[in-house]
Protein chains: 2
Amino acid sequence: MDRINYAQDIVKPLNMVTGPNGEVQISGFIHKIRVMSGFSFVILRVNGSLVQCVMNESMGQELQDHVIEGNTVSIEGQLRKEERAPHGFEIEIHALHVLSKSAEHPPIVINRKNMSLSLDTNLNYRSISLRHPKEAAIFKIQEGIVRGFRDFLHKNHFTEVRTPKIVFAGAEGGANIFKLNYFEQEVFLAQSPQFYKQALVGVYDRVFEVGPVYRAEKHNTSRHLNEYTSLDFEMGYIHDFTDIMKMEVGFLKYMFELLKEEYADQIKLLDVDIPHVDSIPALKFLEVKKIIEEKYQRIPTDYDDLDPEEEQLICDYVKQEYGSEFVFVTHFPSDKRPFYAQDDPNSPQFTLSFDLLFRGLEVTTGGQRIHDYHDQIYKMRQKGMNVDDFESYLMSHKYGIPPHGGLGAGLERLTMKLLKLPNIRQACFYPRDMNRVTP
Amino acid sequence: MDRINYAQDIVKPLNMVTGPNGEVQISGFIHKIRVMSGFSFVILRVNGSLVQCVMNESMGQELQDHVIEGNTVSIEGQLRKEERAPHGFEIEIHALHVLSKSAEHPPIVINRKNMSLSLDTNLNYRSISLRHPKEAAIFKIQEGIVRGFRDFLHKNHFTEVRTPKIVFAGAEGGANIFKLNYFEQEVFLAQSPQFYKQALVGVYDRVFEVGPVYRAEKHNTSRHLNEYTSLDFEMGYIHDFTDIMKMEVGFLKYMFELLKEEYADQIKLLDVDIPHVDSIPALKFLEVKKIIEEKYQRIPTDYDDLDPEEEQLICDYVKQEYGSEFVFVTHFPSDKRPFYAQDDPNSPQFTLSFDLLFRGLEVTTGGQRIHDYHDQIYKMRQKGMNVDDFESYLMSHKYGIPPHGGLGAGLERLTMKLLKLPNIRQACFYPRDMNRVTP
């Protein structure tokens, strides 16, 4: 019998194990070799970043034969200052051990400054293209967004929950839902955690979830994925629906600060333009339509929703007028919002709901929900729904639930707009669309 | 146009907004009313916990008519010490506003010390039964387990990733996989993030994911769910497979400390027996079989795997002999482990793999993976697999990947065993089994 204990020596030598006089041990991929006169630069890739090492010819041919791009190695050496190197230092190699060998040169070039691949090629070789430091940096920043969301909500007394993705009925309704054969029963993949997060407000007052959601939408655009990550929260005891927007502003501020503090290398590498968020302007849906008509001479064709061009125009307008890259659009028409949306008591054809737009794109939908059982039944009947189908959803309302509301934000959309990526697929590790379920 | 800002006043009055002389504002569910002589106890339920308030008869009948179990209210009052109350204090009610009303009394009683419901009834009324403080406490502790996993790995330089749940091929193979109709194509729900997390070791060296996984297993037992949450990590540059076990020991220690520090109320309420983890004993698979045969006179019927009774017996043995409630079983037979498991070079019929057992149940499976392309191809052919089906999986191996390994732990199993719950369904918000897809 052995005994296994947590050992400090398995803590990653990412930031390297160094001795008192700059002795270094480090492991990584051989990312790039540049042969110079009398020595070679061996650029290691460690945790998605590059580290410059120097190998002298005197190390012998046998060893140098194994120093091949794509192999992984462990290096012992001496740290020294070098301002022209990626982190201001380089490592003189004293000993090198090959840990693993690549079998072939990759079909795509991941060790130049930019990959310059078509999106399709990038995605076909996704597990390799992600090794490019600029691709790796995208998802480090995405990690920061998720951490910011969770940490901020935790500090604000939200409880983290996990809700089922296999469901008996879709929360958003409509045709955009994937069907699944579940032990001879037809069930669905969840379009959102909506019903569950509302129910869990009855348990913890404030809840959040970060998880996958599924939309069987049959359009291939640069801003839709069929499987995406939703940042959801739901909060009880709200005074009105602006509490939800206030919480989102708090999250954004907190998250951008976290990125600046802990993801500075990636921000620099990708030249990320972190928006300034202090307060965010809020315009009513009808105001937005009016502004677009007046300022841009564009007659609305649809008074139920905003189309992508209108989203772009109102963002341009707000940026110019108020200096904000975010804008809340509030009071969307009841006809277009789901049955659980609370209507505005002052003008019931509009809801106490909002979208958040960021750099021309909707990144969040939220609002106050109906909490009164009779009000909810009434609105469902008004919408022609069969109340009996929603018995378990209505349980919360029937046995009491506080005034509440919440939102869902698309992680990939937030990432895409923050990094100004042209296509949402670039903001997803392994995107799923109508034509792609691999790799 | 309005401007929306994050406001400190929406930070939860969970722990109450108090004035300098003990004035209090608090909102919550009316959980229970106990009418006494001249006054009533009004027990509020706030964020899953109970707060004792006192309402005097002098407050008037009209108000008291609205003080009904299931309604939500906001209270203004005076805090005072009361050692017999849940948190050592109570609130004398000065003003009370009803925020929402319940339409009916619930069909299950959630305001007694214990619910004493059958599991089926508990699950049928899940959104209501979860409101019982003991049920709510289970998932607060589960939140702590997840936080412990993420925080510990983040401190150890792991990157958080998200991998697709809609996949073209299952990682574990076999019949236990759900099929999905995806735009006229047959695809599957992921059984584990295995292939993806291995590939992402090529990007970030160390990665983890907390997400749902799907097993279409056709048995209804007390320890299986068809949708569960997997705590997964994968780490590169390991010296050998014990590095993975060391990391798990570190996670467990860290997580139990976090629970003791931040979830003390729930630990007390549920009388949780937090195990002591210093080092964890590790026994080889064959040693385990031998111990069970010799100590318990139980002749093994299967030399490929451990059955549930053997898991229980070896845990009893290790508890008695070494005082540990955890035990690693290592070196499982190659025949029963997946094609990506690294064989032991000293005895290739066994793998460099392990299970972690906790109080009689397997809660983790892990091991070192094959990293060499040719070795992987060889083993796949040996197992009669079609190598061409795994082209995108093998890309990582072909173009180089460091020595690596990882594990997957079942969140609900860990929770179940930690809390000594008799059925895994009690450790899942909304469990899914062969017969249950609602609520």
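Me: Before we start, what do the domain bounds in this predicted model come from?
Reply: Domain bounds come from an automatic or database domain assignment. In chain A, that gives domain 1 (8-100) and domain 2 (133-427). Their C-alpha centres lie 45 Å apart. Five residues from domain 1 of chain A and four residues from domain 2 of chain A make the contact between them.

Me: Thanks! Now to chain B: why is helix 4 called oblique to helix 12?
Reply: Helix 4 (residues 133-155) of chain B packs against helix 12 (residues 411-418) of chain B at an angle of about 125°, and their axes are 10 Å apart. Roughly perpendicular covers 65 to 115 degrees and roughly antiparallel needs over 145, so an angle of about 125° makes helix 4 of chain B oblique to helix 12 of chain B.

Me: Which residues of helix 4 of chain B and helix 12 of chain B make the contact?
Reply: From helix 4 of chain B come B:Ile138, B:Ile141, B:Gln142, B:Ile145 and B:Val146, while helix 12 of chain B brings B:Leu411, B:Glu412, B:Leu414, B:Thr415 and B:Leu418. Seven of these residues are nonpolar, two are polar and one is charged.

Me: And how do you know that the two copies are related as by a two-fold rotation axis?
Reply: A turn of 180° with a shift of 0.0 Å along the axis lays chain B on chain A, with an RMSD of 0.0 Å. The two copies are therefore related as by a two-fold rotation axis. The same surface serves both copies, since 100% of the contact residues of chain B recur in chain A.

Me: Which residue of chain B comes closest to the rotation axis?
Reply: That is B:Leu180, with its C-alpha at 2.5 Å.

Technical notes: Residues are numbered from 1 along each chain as its sequence is written. Chains are lettered from A and ligands numbered from 1 in the order in which they are written. This is a predicted model: local features need pLDDT of at least 70, side-chain atom pairs count only at pLDDT 80 or more; totals for chains, interfaces and linings use all residues. Side-chain values use heavy atoms; hydrogens and water are left out. Axes are lines fitted to C-alpha atoms, for helices over the stretch in contact, and angles run from 0 to 180 degrees between N-to-C directions. Helices (H or I, at least four residues) and strands (E, at least two) are DSSP runs, numbered from the N terminus. Angles under 35 degrees count as roughly parallel, over 145 as roughly antiparallel, 65 to 115 as roughly perpendicular and the rest as oblique. Contact means heavy atoms within 4.5 Å. Ala, Val, Leu, Ile, Met, Phe, Trp, Tyr, Cys and Pro count as nonpolar, Asp, Glu, Lys and Arg as charged, and the others, Gly among them, as polar. Copies are superposed by least squares on the C-alpha atoms of residues with pLDDT of at least 70 in both.
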